[in-house]
Amino acid sequence: MDVNCIAEELESLAPEQALESVLTANQSARVCLTSSFQAEDMVVADLLRNRLSDFAVLFLDTGYHFPETYEYRDRMTKQWSLRLVNVLPKQTVAEQESAFGILYRSEPTRCCQLRKVEPLMRALEPFDVWFTGLRRDQSPTRKNLKKVELHHLPTGKSLWKVNLLADWN
C-alpha cells in the first residue's frame with residue numbers, strides 16, 4: 001500500500017491503531033526503531049515488542065552519552081530482549097576532536113551531521129519501515145510532523161517513517 005493512502009487516516013488514530021495499520025500495509029517489511037532510550041522511544045519500543053517478534057533498535061552512539069544512558073540502554077535491551085544495533089560514526093570522538101576540534105561547541109550542525117545524520121542514513125538502508133518517538137511539540141521544526149511520511153535516503157531508497165506519538169504532548 002502507498003504511504004499516501006493511509007497517511008491521512010493515521011492522523012486520527014491512537015498509536016496502537018496506527019501501528020496496526022502500518023504493519024498490515026507492510027506485512028513483510030524489515031522494521032526498525034531509532035531510540036535514544038528516552039521516554040517516548042520506550043513507549044514505541046513497548047508497542048512494537050508487544051506486536052512484533054523481531055525488529056531492530058538503532059541506537060545512535062555519538063560517544064557523548066552519559067554513562068547512565070548506556071547503563072539504561074543495556075538493562076532494557078536485556079530485560080526486553082531487544083535486538084540492539086549500535087550505530088557508530090566513522091570517527092571516534094577522539095579522532096574527530098583531533099581533526100576538527102570540539103565541533104559540538106564550534107560547529108554543532110556539522111557535529112550532528114557527522115555523529116548522527118550520516119551514521120543514521122547508513123543504518124536505515126536495510127529497512128522498509130522506520131519508527132520513531134518524535135512528537136510535534138518537541139521543537140518548532142517538528143510542528144508539522146506527520147504520523148507517517150515517506151523518507152528518502154541519500155542513496156535514493158525510500159522508506160516509511162512512522163511517528164506514532166506525533167500528536168502526543
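## Exercises on strand E1, its neighbours, the cores and the largest pocket

In this predicted model, both faces of E1 are covered, since Val31 and Leu33 on one side and Cys32 and Thr34 on the other are all buried. The exercises below start from that strand.

**Exercise 1.** Determine which strands pair with E1, and in what sense.

*Solution.* Begin with E4, which pairs with E1 in the parallel sense over 3 bridges; here Leu33 stands opposite Phe131 in E4. Turn next to E2, which runs parallel to E1 and is joined to E1 by 3 bridges, with Ala56 of E2 as the bridge partner of Cys32. Finally, follow the chain from E1 through H3 to E2, a β-α-β crossover that is right-handed.

**Exercise 2.** Describe how E5 and E6 pair, and find the residue with a positive phi in their hairpin.

*Solution.* Strand E5, residues 148-152, pairs with E6 in the antiparallel sense over 5 bridges, and His152 stands opposite Ser158 in E6. The hairpin has 5 residues between the strands, and in this hairpin Gly156 takes a positive phi near 105°.

**Exercise 3.** Identify the residues that touch the most other members of the largest nonpolar core, and the elements that give two or more residues to this core.

*Solution.* For a residue to count as buried, its relative accessible area must be under 20%. The largest nonpolar core has 32 residues, of which Val22, Val31, Leu48, Phe131, Trp160, Val162 and Leu164 touch the most other members. Two or more residues come from each of helix H1 (3-11), helix H2 (15-25), strand E1 (31-34), H3, E2, E4 and strand E6 (158-163). Apart from this core lies another, of 13 residues, among them Val87, Leu120, Leu124 and Leu153. As a general background, nonpolar side chains tend to be buried together in soluble globular proteins.

**Exercise 4.** Characterise the largest pocket by its volume, its lining residues and the element that gives the most to that lining.

*Solution.* Start with the volume, which is about 680 Å³. The lining comprises 26 residues, and the closest to the centre of the pocket are Thr34, Leu60, Leu120, Leu134 and Arg142. Next, assign the lining to elements: those that give two or more residues are helix H3 (39-49), strand E2 (56-60), helix H7 (108-124) and strand E4 (129-132), and H7 gives the most, with 5 residues. Sorting the lining by class, finally, yields 10 nonpolar, 11 polar and 5 charged residues. Thr34, one of the buried residues of E1, is thus also among those closest to the centre of the largest pocket.

Methods
Residues numbered from 1 in each chain as written. Predicted model: local features only at pLDDT ≥ 70, side-chain atom pairs only at ≥ 80, totals over all residues. Heavy atoms only, no water. 1 Å grid on protein atoms, 1.4 Å probe; cavity = no way out; pocket = protein on both sides within 12 Å on 5 of 7 lines; lining within 4 Å. Points joined across faces, edges and corners; volume = space filled by probe spheres on them. Helix = DSSP H or I, 4+ residues; strand = E, 2+ residues; numbered from the N terminus. Nonpolar A, V, L, I, M, F, W, Y, C, P; charged D, E, K, R; others polar. Core = buried A, V, L, I, M, F, W, Y, C linked by side-chain atoms within 4.5 Å. Buried < 20%, exposed > 50% of the residue type's maximum accessible area, 1.4 Å probe, protein only. Pairing = 2+ DSSP bridges. Right-handed = clockwise from strand over helix to strand, strands pointing away.
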